[in-house]
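Please work through the exercises below with the sequence and the model open side by side, and try each task before reading its solution.

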Amino acid sequence: MDVRSTPSYLYWLFCQFELITCSYLMEPWEKVLFYSFNLAMLGLLLYTTYVCVAFHASSAFQLLCSFLGAPRENALSVVK
Amino acid sequence: MGNNNWPDHQAQRVVVNGSHLACRLEGFHVCGGGEGIKVWIRAAGHMEPIRAQLGKTLSVLLGIWCQPAFKHEDETETIHSNELYERQKNGVSNGTLYKKTFIEHFEQAPMYVAVFTFVGFAVGTIFGYLRDFMRAWGLEKRNIAAEREQQKDFVPLYQDFENFYTRNLYLRIRDNWNRPICSVPGPQFDLMERVTDDYNWTFRFTGRTIKNVINMGSYNYLGFAETDVNALKTVTIELEKYGTGVCSTRQEMGTLDKHVELEKLVATFLGVEDAMVFGMGFATNSMNIPALVGKVFLQRADEGYGIITSNMEGSIVRLPEIVSLKNKYKAYLYLDEAHSIGAVGATGRGVVEYFGMSPDDVDVLMGTFTKSFGAAGGYIAGKKGLVDFLRTHSHSAVYATSMCPPVAEQIIRAMKCLMGLDGTTQGLQRVRQLEKNTRYFRRKLHEMGFIIYGNDDSPVVPLLLYMPGKIGAFARRMLEKNIGVVVVGFPATPITESRARFCVSAAHTREMLDTVLNALDELGDFLHLKYSRYSKSSHPELYEESRLELED
């Protein structure tokens with residue numbers, strides 16, 4: 001394994017991905033289909049992560065602040 | 001049932017459930033039951049009774065698959081740990097079943113490997129369905145076998161899993177099999193260069209040959225597949241005397257004096273009363289088992305039908321235990337030594353000699369001449385009564401053409417060489433060389449960190465690849481490095497355990513083995529095949545400049 005340079009390490013990782021998912025064996029049009037599907041899924045995952053995690057992180061942070069400050073009856077009302 | 005008459009066995013390091021040294025097989029005790037045979041295995045501190053079906057008992061005793069079905073809490077027994085340590089320290093004692101240590105490895109890969117393997121198969125299957133759909137709806141040209149229009153309403157011929165697998169997964173890497181060779185399959189051979197324009201549907205030959213590819217796939221264990229004129233002198237003489245064809249069966253006019261000479265020699269070699277030879281190795285089994293076996297339940301001693309030294313696993317059968325089982329239950333033992341005759345044992349006489357047992361323990365000894373003797377055909381040997389029965393009742397003797405004389409002479413000369421009857425020690429040297437090569441190759445592969453299956457003395461070395469994508473990549477890249485290997489996947493092996501199978505030969509020199517080991521090392525790093533979790537040694541003599549990171 002070549003750790004001398006990051007680009008070749010990334011290339012090696014990409015080769016591993018190709019071998020594991022059998023995309024090494026696919027014809028070019030199948031590869032295009034497979035990669036675009038994967039990238040679409042990855043994009044969707046990242047977007048969902050961004051939206052949900054941001055939402056929950058900010059609400060948890062505000063809840064924490066409310067404990068340090070005055071207690072509220074309804075914790076959910078923190079997010080407006 | 002639960003008595004404690006343990007036979008006094010040496011502690012054997014075995015593998016249970018895939019983990020090396022997970023338990024020490026102290027001994028076994030078999031008691032018959034109503035629905036099956038209970039096998040008690042005393043292992044490293046506690047006894048685990050394993051209920052096994054009649055057919056699977058023998059495979060359990062092989063120590064390869066041990067799936068504990070349940071534990072009896074009230075019958076556990078602990079062994080003092082220092083007692084185990086002492087026994088191991090003192091080595092092999094007398095009066096036990098095994099005369100030397102028997103070490104086999106069947107290490108399990110880390111869990112993520114199995115997960116990735118399934119991911120690979122899942123993606124392959126999805127794309128398989130996609131391609132089948134496209135072919136069915138005419139979006140893609142159909143190259144495959146399909147039923148005719150008029151047969152569309154009949155029972156489908158090509159829809160089962162095997163055909164699906166062949167069409168969609170095997171076809172993608174088909175170029176790694178059926179490679180035509182154009183020289184003798186010695187330690188090096190020549191391949192015909194073959195390319196495909198349409199992703200392995202069809203091949204065409206470019207006309208060039210790839211020369212001097214190191215041969216790690218042929219069953220040329222003792223190196224008798226050779227073209228040296230001096231070695232083949234007697235074969236040439238017999239070829240000129242008899243020609244090539246026999247044109248008859250054994251029972252008609254196909255029994256030649258060469259066959260009689262060969263059969264006597266085989267019987268002397270194996271130490272039995274009589275032997276019979278047949279023209280084809282596989283046909284020896286397929287023609288004679290029906291003659292010997294009636295309508296009874298045929299027990300399989302291994303996953304492979306009748307194969308004792310396993311072709312794909314590289315393991316050696318535990319003959320002493322099987323013989324004691326056979327004696328206890330008054331069964332007959334048919335030992336198929338296709339791969340082990342010539343390759344295993346101190347003088348090449350097979351597993352019977354390897355374990356120091358007498359050939360009288362085995363009822364039917366079968367073997368082939370295709371592997372270690374560089375010829376073709378097979379033999380069945382044993383008591384004279386058995387062989388006389390076969391001469392009259394074997395299907396091969398009635399219908400199949402007998403062995404041709406030059407091939408018989410090749411076997412005779414190889415066997416005489418092995419026995420030392422030609423006046424030289426060349427035969428013994430070959431056996432020793434094979435042993436040395438096997439041990440060296442296996443040891444180096446273990447050190448490098450690959451998962452290797454099988455017995456330390458077996459010249460068949462399976463290197464586990466696991467993932468279907470790596471099968472094709474491995475074989476192609478090894479060919480680019482001028483090394484020819486055989487890779488195997490499903491259905492010849494379990495679906496998650498695809499492997500590359502190396503066959504070490506006595507004709508391989510140390511330089512050839514080192515070339516192969518270097519190539520394997522590089523490829524193992526590139527394809528990430530070094531799954532073994534045992535310590536690897538840094539071996540400076542194999543590396544030049546490519547392992548700089550070790551010195552950091």
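**Exercise 1: a covered helix**

The buried residues of H12(B), where buried means under 20% relative accessible area, exposed over 50% and partly exposed in between, with a 1.4 Å probe and protein chains only, are Pro405(B), Pro406(B), Ala408(B), Glu409(B), Gln410(B), Ile411(B), Ile412(B), Arg413(B), Ala414(B), Met415(B), Cys417(B) and Leu418(B). This is a predicted model, in which local features need pLDDT of at least 70 and side-chain atom pairs count only at pLDDT 80 or more, while totals for chains, interfaces and linings use all residues. Residues are numbered from 1 along each chain as its sequence is written, chains are lettered from A and ligands numbered from 1 in the order in which they are written, and side-chain values use heavy atoms, with hydrogens and water left out.

Task: state what span H12(B) reaches, and which helices its buried residues pack against.

Solution. Begin with the length: H12(B), a helix in the DSSP sense (H or I runs of at least four residues, strands being E runs of at least two, numbered from the N terminus), has 15 residues and reaches 21 Å from its first C-alpha to its last. That is close to the 21 Å expected at 1.5 Å a residue, the expected span being 1.5 Å times one less than the number of residues. Next, consider its surroundings: 12 of the 15 residues are buried, and these pack against helix H5 (233-242), H6 and H13 of chain B, contact meaning heavy atoms within 4.5 Å. Finally, look just past the end of the helix, where Gly420(B) has a positive phi, near 85°.

**Exercise 2: the largest nonpolar core**

Task: find which residues touch the most other members of the largest nonpolar core, and explain where this core lies with respect to the domains of chain B.

Solution. A nonpolar core is a set of buried Ala, Val, Leu, Ile, Met, Phe, Trp, Tyr and Cys residues joined through side-chain atoms within 4.5 Å. Of the 49 residues in the largest one, Val266(B), Leu319(B), Phe355(B) and Phe369(B) touch the most other members. Several elements of chain B each supply at least two residues, among them helix H6 (257-270), strand S8 (274-278) and helix H13 (426-448), while H12(B) gives the most, with 7 residues. Domain 2 (179-223 + 427-527) and domain 3 (229-424) of chain B both contribute, so the core lies between them; these bounds come from an automatic or database domain assignment. To look at one member, leave aside neighbours within four places in sequence: the contacts of Phe369(B) then include Val266(B), Ile411(B) and Met415(B).

**Exercise 3: two aromatic pairs**

Task: classify the pairs Phe34(A) with Phe127(B) and Tyr129(B) with Phe164(B).

Solution. Rings of Phe, Tyr and Trp (its six-membered ring) pair if their centres lie within 6.5 Å, with planes under 30 degrees apart counted as stacked, over 60 as edge-to-face and the rest as tilted; the count comes to 20 aromatic pairs over all chains. The ring centres of Phe34(A) and Phe127(B) are 5.7 Å apart with planes at 70°, so this pair is edge-to-face. The pair crosses between chains, from helix H2 (residues 28-68) of chain A to helix H3 (residues 111-136) of chain B. Phe34(A) is buried, with a relative accessible area of 8%, and Phe127(B), at 8%, counts as buried. For Tyr129(B) and Phe164(B), the centres are 4.9 Å apart and the planes at 35°, so the pair is tilted. Here Tyr129(B) is exposed, at 57% relative accessible area, whereas Phe164(B) is buried, at 6%.
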